[in-house]
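Colleague: Could you give me a close look at a single part of this model, and then work outward from there? I am at home with gels and assays, so please explain the terms as you go.

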Amino acid sequence: MVAIRPAQATDLTAISALDARLTGSDKPDYWRERFAPDRHFLVAETARGALAGFIAGEIRAWEFGQPAAGWVFAIQVDPKTRLKGVGSALFEALAARFKAQGVTRVRTLVDRKDHLILSFFRAQGMTAGPSLQLDKELP
Amino acid sequence: MKLQTATRLGLYAVLELARDPTRTLSAADLADRFGVSTHSLAKVLGTLSAAGLVQGGRGASGGYRFTGNRRRITLMDIVALFEPAPGNRAKEAGEDTEIGAALQRILTEIDEIAEATLRSVSLETLLGSSHVG
């Protein structure tokens, strides 16, 4: 089993490395910025103290006209520890923090071709939200 | 979104059998449950059986049971057995015109979202969320 706790500055290297390994893009500055006090950044740690996964989110109100909701910006689980409930434990811990702050909705954006992560959020009970994301390549 | 009758019956049958993989139901049992003819359901079960999702059969009274993986199989896996793949769709009249192509881009956009949705819902997720599992 894993333990969920708030991320610390000392976790940054491992977080950045896990993300770079899974996404192919190295962005340590982005992860450092996620550490702001008004944001939630949680890690899952194995019994031996290794990083099993992380989740990052924050509460945002009136973005795109929507009332306050907890946004999940990122979630990653080490493939070695997948299918053991690490992702669900991270999601539930973040949702509990959102609820403690009085928010009753959780929201995220997912690449529609990424079936793995889409299925994960579906399994957490998430469905299509009230917004449609639109996009255009600038000439 | 409109699904063909066979697709809908395929989804019903798989989900009904997947609720309890130890249970066997005949084509007649399932047909009765959904208010359709045994003949149309037997045909659908044949397709599901060939895809390895269910096992059994042999006559109208032969029982079928679910043999797939509830967590791995998504609604799209079943839909794809009955509906033409988006890429293999026959070209509609007028599609080569400028207006036809512009309209087709919108319809493809809708199809892509529908496919992503169907692919993201496993049998486990659907059965769990509807409290029928």
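Modeller: Happy to: I will begin with the sheet of chain A, go on to its core, and end with chain B.

This is a predicted model, in which local features need pLDDT of at least 70 and side-chain atom pairs count only at pLDDT 80 or more, while totals for chains, interfaces and linings use all residues. Residues are numbered from 1 along each chain as its sequence is written, and chains are lettered from A and ligands numbered from 1 in the order in which they are written.

Chain A has an open sheet of five strands in the order S1-S2-S3-S4-S5, with mixed pairing. Helices (H or I, at least four residues) and strands (E, at least two) are DSSP runs numbered from the N terminus, and two strands pair if DSSP finds at least two bridges between them. At the edges are S1 (3-6) and S5 (106-108) of chain A, each pairing on one side only. From one strand to the next, the twist averages 30 degrees.

Look inside the sheet at S2 (residues 40-45) and S3 (residues 51-60) of chain A: they run antiparallel and are joined by six bridges. One of the residues to find is A:Glu45, whose bridge partner in S3(A) is A:Leu51.

Now for the helices. H1 (residues 12-23) of chain A lies across S3 and S4 (69-77) of chain A, at about 95 degrees to S3(A). Such angles run from 0 to 180 degrees between N-to-C directions, with axes fitted to C-alpha atoms, for helices over the stretch in contact. H3 (residues 86-100) of chain A also packs on the sheet, touching S1, S2, S3, S4 and S5 of chain A, and its direction makes about 30 degrees with that of S3(A).

What fills the core? The largest nonpolar core has 25 residues, and A:Leu42, A:Ala44, A:Phe54, A:Ile55, A:Val86, A:Leu90 and A:Leu94 have the most contacts inside it. Such a core is a set of buried Ala, Val, Leu, Ile, Met, Phe, Trp, Tyr and Cys residues joined through C-beta atoms within 7 Å; buried means that 20 or more other C-beta atoms, placed from the backbone, lie within 10 Å of a residue's own (exposed is 12 or fewer, partly exposed in between). H1, S2, S3, S4 and H3 of chain A each give two or more residues to this core, and H3(A) has the largest share, six residues. In soluble globular proteins, nonpolar side chains tend to be buried together.

A:Ala44 is worth a click: leaving aside its neighbours within four places in sequence, it is in contact with A:Val2, A:Ile4, A:Ala52, A:Gly53, A:Phe54, A:Val86, A:Ala89 and A:Leu90. Contact here means that two C-beta atoms, placed from the backbone, lie within 7 Å.

A second, separate core of 22 residues includes B:Ala13, B:Ala27, B:Leu53 and B:Leu123. Chain B has six helices and three strands, running α-β-α-α-β-β-α-α-α from the N terminus on. Buried residues make up 23% of its 133 residues.

Finally, the two chains meet: 10 residues of chain B are in contact with eight residues of chain A. On the chain B side, H5 (98-120) and H6 (123-129) each give two or more residues, and H5(B) gives the most, with six.
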